[in-house]
Amino acid sequence: MEEEGHATRAQLLNEVTQLRQRVAALEAARVEWERAETAPRQSGEVLSTLYQAGQQIGQSLDTAVVFQCFYEWVSRLMAFHSLFVSSFNAEEQLIRCVYAIIEGQLIDPGTLPPLPLEPEGRGTQSRVIRTGQSLCLNDYQAYMQQSVSAYQVDPQGVLYQRDAVPEDGEVTRSALLVPMFLSGQVVGVIQVMSHRRAAFTEDNLRVLESLASQVAVAFNNAYLYQQAQAELAERRRVEAALRESENKFRSITENAADFIFIKDQTRRYTFVNPAMRRLFGAAADSVLGKTPEELFGPDQSRVVSALDDRTFAGETVNEIRGLHISGEQYFFNTIQTPLVTENGAVTAIMGIVRDVTERKKAEEELTIFKKALDSSSDAIGMATPAGQHYYQNRAFDEMFGDIGSDPPTTLYVDEAVGREVFQTIMAGDEWSGEVAMVGKDKAVLDILLRAYVVKENGQVVALVGAHTDITAHKRAKEMRLRLAAQVREQAQQMEQILATVPAGVLLLSAEGRVLQANPMAGQYLSLLAGVAVGDILTHLGHLSLGELFITPSTPELWREVKAASATFEVVARPVESDTEPEHWVLVFKDVTREREIQAQLQQQERLAAVGQLAAGIAHDFNNIMASIVLYAQMTMRSQTLTERERERMETIVQQAWHATRLIQQILDFSRRAVLERKPLDLLPLLKEHVKLLQRTLPEHIHIELVSAPGAYIIHADPTRIQQMLTNLAVNARDAMPGGGTLHIELARVTIAPGQTLPLPEMLLSQVQETGAAEWIRLTVADTGAGMTPEVRAHLFEPFFTTKEPGQGTGLGLAQVYGIVGVHGGYIDVETEVGAGTAFSIYLPALEASPTQTPASRTAVPPQGQGETVLVVEDEATLRMVLVEILEMLNYRAIGAANGREALALMETQGKEIALVLSDVVMPEVGGLALLHTLRERGNSTPVILLTGHPLGKELESLGDQGLAVWMLKPPDIDQLAQIVVDALHPNVIMPE
């Protein structure tokens, strides 16, 4: 039962649906029947409306009325919001709006830009113009996107680009575009637009097409009518202007003082004005029809005919010629112009002749007057009573240049003075005086001015100014006064300079009387000659006055003069005159300190040369001692030695190390020693060293240590500083055999910029960089016998000694000198025979805190494990002993004489070589170059360098390049064994 119920409901629904479809079909048939019934009636109404519109549109010849009528009739036939009528110019290819109305508001079409005819297939109006077919666009916005130039206009006439329409603004959504035809050509486009989409039908388009043809005809008729009216008005205006021109011409010619004429092609006068008739004293008819030959003489007629030939050739002539009429000479300015037809043919000529005889005579007189003015040396200028400049002579040009028509007052430096001059002469008075004026090159000139006016019939007709340049005269006067003042000022400055100059300057008469001396010269005169200003000078030191006045034969004019312990240089120069010198100038220089500095520098140069030689000797000697020490140590390890032989070998080793210490002294002196520098506080070190000295020096020598509280930190090698103190103490001991006091003092010294240095050889680099230099001064003084100047001169030279043979090596103070220098310090000595000696040592201060020396580790160096070691040493004996020692330590050793051989072995056996042990200084390729080359080739084999002298600053960067360690020559076997193991196994702790 339930299934039957569902089938019944489905059948009912189907029948209802069919019924509804029949009802809809009947409703559509009814609407179509009603439309068919009313269509003929509506069509008739439209045709009637179109007929009435056409009648009304065609009745007016005013374009504004035609378009307004068209708009009203279209409004009756369809709904829209805007209507535009555009014209098309085929030659310009431009579309121009000639009528626009939006929502009933007329828009000035002149505010809308012309649009170019767009390419085929683009634009709405352009498509209508190109195809001649109408468009009904019910989606205008989509179609408008095809246009290159598109815009929207609001009811106020505001123009918006396509993409710039305000969001709340209405846009065109439907449009009808209809072409306007005239003689089969599209002459314009009518556009009807609506804000609604699909607002227009095909019937609307047909209606608009019907009206468009009538609008095109009416618009063309109105345009032609307006053009005809404009041409008629223009013709009337031209005729009126022509009549007015004829009247003016007649009035001008009849009343003109100039001669006016017209000649035809036969050169006969066809018109002459009364002034020209009066020239010939004849009536008009006696001149008309005649040629120049009939009116003038042969000479004058040839001149006139030549002018006529040029004018008939098409040239406009303007010339001044002289003619003789009735026995008198006249000058005429003739202007002749050809009268040309439309095709360019000259049918006649018109001329105007002015009598300039009086003007020519005035010009000749004016030329003579100008020549006279130009010959004047004064600058003469003339101006109108209103102040406008109009004349200037040649001198004015040279003085002020061309000022045009500017008022002369603009030339004054102070324009108020210029106005005063102008007001004075305009009142009838003459003005004269000195003024400052601006010259041609913008330079200020001193001018003597005379200004006055020229009157005619009691009226001022010109302003005249005569200018005389007195600049040079005034400048010369001012220069003389200024030079006199400068001379006085320079004399005062010279006196001040002479009073402060660090040299003595005095003036002598030819007889030797001291006329003038600065304060420094007064002091020197008292010391060298015992005289003062006003006394007669007979000598200076050991030189007589005559010897001073004689010019020496050498290029050096300075003479050396000594007095007591002071040394001076003196030069005498005559004061030049026409005859014999009337005065002499003497200049003194105190060169005592300069001589001392020169002596110190010469000593330093000698010591540097000796040090260089000593360093070379020490290097070679070190290699020899290395072989001796190593072979002796190897022999001592032999088990077959007797006790006596072992003692002898021990003696050899001890003496070899003693010789090595002597080498170290030489290296210290030559500043080639290897230092282990670190921040070091000198005061604690001195206290400990004083305790040592008190135990070692004789009891009759008293030691005292003086210092202010605080730190005295330097960057130094403690061992070298102790060696330096020991050498100075020993030197003091030897100077005090009968006892005395050894005084040791520490002090801080600050040297500010510009401050006198304690020692002349001290460098000022720290002062220049930091503004002040901090130094630590160490003074070691004794109360011993002192030294003579001769001994003082050789004090620091190596191997120089005053002791008996066998009493000393002469290297103690030389080593002190080298240790001070290698620490960047300076040393000075003050000594006097019988008064003792004081050594003052200046070392650069350091702000860092002193570092603690780590405790040394002692361990028995282990044996090798058969690794291959490359030994690079140019000294064959030393190379052999190093190879033997390494083999004794259970290594496989191979030798190379230099870095070049070592690189070759590394190329062939590099994989087997575990360590490179190389000397630093070798021929061809040294140890440093060997290390650099290995690293450049990517070889990371550990390298140990052996050196007999310091490597300098290069050691600072060698660690970054893979240097394992470096050690001094001669090496100790145990030390060498430990270093090799550490280099081969840097991260392994070997068993004790």
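Trainee: Which residues touch the most other members of the largest nonpolar core?

Mentor: This is a predicted model. Its largest nonpolar core has 40 residues. Those that touch the most other members are Ile721, Met724, Leu742 and Leu778.

Trainee: What does methionine 724 touch, leaving out residues up to four places away in sequence?

Mentor: Met724 is one of the core members with the most contacts. Another of that group, Leu778, is among its partners. The full set for methionine 724 is Leu778, Val816, Ile819, Val820 and Ile841.

Trainee: How many residues are in the second, separate core?

Mentor: Its members include Val871, Ile885, Leu886 and Met967. The core is separate from the one around Met724, and its count is 26 residues.

Trainee: In what order do the 5 strands of the open sheet run?

Mentor: The pairing is antiparallel. Such pairing works through backbone hydrogen bonds. The order is S16-S15-S19-S18-S17.

Trainee: Which strands stand at the edges of that sheet?

Mentor: An edge strand here has a single partner strand, so one side is left without a neighbour in the sheet. From one strand to the next, the twist averages 30°. The edge strands are S16 (389-392) and S17 (431-438).

Trainee: Which residue in S19 stands opposite glycine 381?

Mentor: Start with the strands. S15 (residues 379-383) pairs with S19 (residues 459-469) in the antiparallel sense, over 5 bridges. Opposite glycine 381 stands glycine 465.

Trainee: What angle does helix H12 make with S18?

Mentor: H12 covers residues 415-426 and packs on the sheet. It touches S17, S18 (444-456) and S19. Its direction and that of S18 make an angle of about 25°.

Trainee: Which part of the chain holds the salt-bridge partner of arginine 450?

Mentor: Arginine 450 forms a salt bridge with glutamate 430, with the closest N and O atoms 3.0 Å apart. Arginine 450 lies in S18. The two are 20 residues apart in sequence, so the bridge ties together separate parts. Glutamate 430 sits in the loop between H12 and S17.

Trainee: Is glutamate 430 buried, partly exposed or exposed?

Mentor: Buried needs under 20% and exposed over 50%. Arginine 450 has 39% relative accessibility, so it falls in between. Glutamate 430 is at 46%, so it too counts as partly exposed.

Trainee: How many residues apart are aspartate 309 and arginine 267?

Mentor: They form a salt bridge, with the closest N and O atoms 2.8 Å apart. Aspartate 309 is in helix H9 (residues 298-312). Arginine 267 is in the loop between S10 (259-264) and S11 (269-272). The pair links distant parts of the chain, 42 residues apart.

Trainee: What relative accessible area does arginine 733 have?

Mentor: Its side chain meets that of aspartate 734 in a salt bridge at 3.0 Å, N to O. Aspartate 734 is partly exposed at 31%. Arginine 733 is partly exposed as well, at 33%.

Trainee: Which residues do salt bridges join into one network?

Mentor: The count of salt bridges comes to 15. Some share partners. The network consists of Glu202, Arg206 and Glu209.

Trainee: What distance separates the end C-alpha atoms of helix H2?

Mentor: H2 (residues 63-77) has 15 residues. Among its buried residues are Phe67, Phe70, Tyr71 and Trp73. At 1.5 Å a residue, the helix should span 21 Å. The model agrees: the end C-alpha atoms are apart by 21 Å.

Key. Residues numbered from 1 in each chain as written. Predicted model: local features only at pLDDT ≥ 70, side-chain atom pairs only at ≥ 80, totals over all residues. Heavy atoms only, no water. Core = buried A, V, L, I, M, F, W, Y, C linked by side-chain atoms within 4.5 Å. Buried < 20%, exposed > 50% of the residue type's maximum accessible area, 1.4 Å probe, protein only. Contact = heavy atoms within 4.5 Å. Pairing = 2+ DSSP bridges. Helix = DSSP H or I, 4+ residues; strand = E, 2+ residues; numbered from the N terminus. Axes fitted to C-alpha atoms, helices over the stretch in contact; angles between N-to-C directions. Salt bridge = Lys/Arg side-chain N within 4 Å of Asp/Glu carboxyl O. Expected span 1.5 Å × (residues − 1).
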